[in-house]
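Here's a quick walk through this protein, going from the overall build down to a few individual residues. Have the structure open and follow along.

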Amino acid sequence: MSESVSGSEQEHWSGKAAFILAAVGSAVGLGNLVRFPSVAGSAGGGAFVLVYFLCVVLIALPVLIAELFIGRRGGGSAVSAVARLAKAEGNSSMWSLFCWIGMIASFMIVTFYSVLAGWVLDFVVLSFSDLMSNISANGIGAISNGAFAGMDDEEITGQLGALLESPVKMIVMLAIFNVITVFIVSRGVKGGIETAAKVMMPAFFALLLVLTVFSIINGDAGSALSFLFKPDMGKFMATLSDGSILLQAVGQAFFSLSLGSAMMITYGLYMGRDQDLPGSARIVAVADTSVALIAGLAIFPIVFAAGLNPDGGLTLLFSTFPLALHQIPFGGVLAIAIFLMTLFAALTSAIALLEVAVAFADGDLNLTREQRKRRRLVWSVLLGILMFVIGVGHVLSQVPTSVQDNFFNTWTPLDFIPMFEGKTLLDTFDKLSGDVLLPLGGFLTAIFAGWVMSSSSAREEIRFNSERTFRIWRFLVRWVCPLFVGLVLIYAVIVAPLRAQMEARGSDAKQTIEEMAAPKD
């Protein structure tokens with residue numbers, strides 16, 4: 001039986017509330033605010049939400065508990081924690097490979113996530129400068145005007161396009177966001193990550209609540225509620241026919257909680273022995289899911305009231321929503337609030353993503369607190385520089401070729417692999433990390449927690465309220481979680497690329513037949 005080896009030199013959260021704020025902050029991000037509500041509404045509303053909720057309870061939550069258990073029991077860094085626990089159970093330290101996979105995925109994600117966050121930062125600046133200009137020109141009463149009052153519809157929806165055509169501006173925003181992220185992570189758990197979470201997450205929730213109330217009162221709340229929560233079995237069954245949406249629900253539930261990336265193992269390192277692990281995990285899962293649903297109530301009533309399309313992912317945030325805010329009173333103030341809220345969510349997620357690699361660079365438990373502190377500062381800066389350099393490549397890959405024909409916006413690094421065909425650097429990083437590395441890391445995490453770690457070790461560390469609950473958790477993490485996460489991985493790596501190829505061939509064949517059947521002159 002392994003024993004908990006958390007060392008006295010390991011930093012810890014100051015308490016349960018600090019951990020929950022930091023963990024929720026790491027999980028809540030752009031996907032919660034724009035992607036999930038849009039997918040839910042398009043895939044059957046309440047029917048999809050129910051399936052998603054079941055995926056959270058039966059798949060994501062058990063793995064979340066497993067990751068926190070591994071981190072707290074092992075100590076040090078995610079990699080050293082798994083290696084130490086595997087040895088204690090009489091297994092190979094090579095099991096730490098899945099933490100390497102998660103750590104690499106986390107760093108890959110933060111390199112392009114910071115670019116998207118830079119876009120959000122630019123829209124915060126745009127919204128603020130627009131409101132100030134409006135007030136300066138028309139007096140304080142202009143505060144009640146819609147957002148971007150001096151622009152027409154085409155200019156409003158074209159703001160993201162204009163940003164993509166300005167690589168220098170994108171690089172500046174990327175640099176600012178990276179500096180803030182590195183500064184916070186370099187200050188450690190209590191002085192940096194925890195302090196930032198205590199400030200930003202209450203502000204995030206306050207802004208979300210205010211936006212939701214305003215949106216419900218002033219927007220088309222009925223259409224939004226119907227879109228999100230009314231079961232549409234026709235849509236739902238149509239999406240079930242190919243299995244992709246069901247697996248997307250599994251993937252969204254799993255990855256929304258930052259699982260498979262070694263992130264929650266890393267945050268588990270800093271949990272005290274007196275903290276209620278299962279209870280904390282449940283709060284994080286509920287809060288993350290609630291944010292995704294409430295975000296829909298903050299955004300869609302305004303979108304529907306403006307008669308705009310609720311689909312679109314990031315397009316919804318950067319094009320559709322600004323146009324909707326243009327048409328309502330106090331839209332300028334709301335634009336600042338929504339983009340500032342989104343920036344807070346992006347920053348807390350980026351902090352957690354970078355922390356995975358920095359925690360590894362900190363060293364293991366054999367180092368003193370001062371040694372770990374010095375290493376953290378040095379490696380935060382070095383990894384931040386690397387993050388920025390790769391981020392510049394991502395920025396350049398997003399510049400339209402019609403504006404600037406550079407190496408990165410024409411380079412498709414893994415074009416020889418079907419699932420990455422035609423994808424630039426940013427899109428390749430996104431797909432490789434999200435569709436391959438994270439599900440692989442999550443699959444191996446579930447196997448390690450359920451099959452390598454002994455039941456006595458898990459029972460002692462997690463401390464469920466009843467033996468029955470522990471047995472349910474162990475069954476889920478041993479059988480259900482690996483099965484469904486494995487299906488997500490297989491679908492992304494094998495089924496989806498094959499389907500895309502078949503559809504492309506079918507489209508080519510159809511075009512050829514139509515050309516042959518066309519009357520000749």
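## A loop, some helices and a core

Ala262 sits in the loop that joins helix 12 to helix 13. Keep in mind that what you're looking at is a predicted model. The phi of Ala262 is near 65 degrees, a positive value in a residue that isn't glycine. Ser258 lies in that loop too, between helix 12 (244-256) and helix 13 (263-269). Ser258 also has a positive phi, about 65 degrees, although it is not a glycine.

Are these loop residues buried or exposed? Ala262 counts as buried, and so does Ser258. Here they are next to some other residues that come up in this report.

| Residue | Relative accessible area | State |
|---|---|---|
| Ala262 | 3% | buried |
| Ser258 | 8% | buried |
| Ser26 | 4% | buried |
| Ala492 | 9% | buried |
| Cys99 | 1% | buried |
| Cys481 | 1% | buried |

From Ser258 you can hop over to Ser26, since the two touch. Ser26 belongs to helix 1 (residues 16-27), and its side chain reaches the backbone oxygen of Ala23 at 2.6 Å. Leaving out residues up to four places away in sequence, Ser26 also touches Met263, Met264, Tyr267, Thr348, Ser349 and Ala352.

Now zoom out. The protein has 20 helices and 0 strands. Its radius of gyration is 24 Å, close to the 24 Å that the globule rule gives for 521 residues, so the protein is as compact as a globular protein of that length. Along the principal axes, the C-alpha atoms fill a box of roughly 75 × 65 × 50 Å. Of the 521 residues, 56% count as buried. Take the contacts with a sequence separation of 6 or more: 80% of them are between residues 24 or more positions apart.

What about the inside? The largest nonpolar core has 173 residues, and Trp13, Phe204 and Trp473 have the most contacts inside it. Helix 16 (residues 331-362) supplies the largest share of this core, 20 residues. Trp13 has plenty of partners beyond its neighbours within four places in sequence, including Phe19, Val189, Ile193, Tyr270 and Met271. Lys190, Glu194 and Gln275 are among its contacts as well. Tyr267 turns up again here: Trp13 is in contact with it, and Ser26 touches it too.

Two of the later helices deserve a look. Helix 18 (residues 425-452) has a kink of about 35 degrees, centred on Ser433. That helix is mostly covered, with 20 of its 28 residues buried. Ala492 is in helix 20 (residues 467-517). Setting aside neighbours within four places in sequence, Ala492 is in contact with Met419, Asp435 and Pro497. Ala492 and Thr424 are 68 residues apart in sequence, and their C-alpha atoms are 18 Å apart in space.

Finally, how many disulfides does the structure have? A search of the whole structure finds 0. Why is Cys99 not in one? Its sulfur is 17 Å from the closest cysteine sulfur, that of Cys481, which is too far for a bond. Cys481 is in a similar spot: the closest cysteine sulfur to its own is in Cys55, 10 Å away, and that is also too far for a bond. For reference, the cut-off for a disulfide is a pair of cysteine sulfur atoms within 2.5 Å.

Technical notes
Residues are numbered from 1 along each chain as its sequence is written. This is a predicted model: local features need pLDDT of at least 70, side-chain atom pairs count only at pLDDT 80 or more; totals for chains, interfaces and linings use all residues. Side-chain values use heavy atoms; hydrogens and water are left out. Buried means under 20% relative accessible area, exposed over 50%, partly exposed in between (1.4 Å probe, protein chains only). The bend at a residue is the angle between axes fitted to the seven residues ending there and the seven starting there. Helices (H or I, at least four residues) and strands (E, at least two) are DSSP runs, numbered from the N terminus. A polar contact is a pair of N or O atoms within 3.5 Å; within protein, one must be able to donate a hydrogen and the other to accept it, and residues adjacent in sequence count only if both atoms are side-chain atoms. Contact means heavy atoms within 4.5 Å. A nonpolar core is a set of buried Ala, Val, Leu, Ile, Met, Phe, Trp, Tyr and Cys residues joined through side-chain atoms within 4.5 Å. The radius of gyration is taken over C-alpha atoms; the globule rule is 2.2 Å times the number of residues to the power 0.38.
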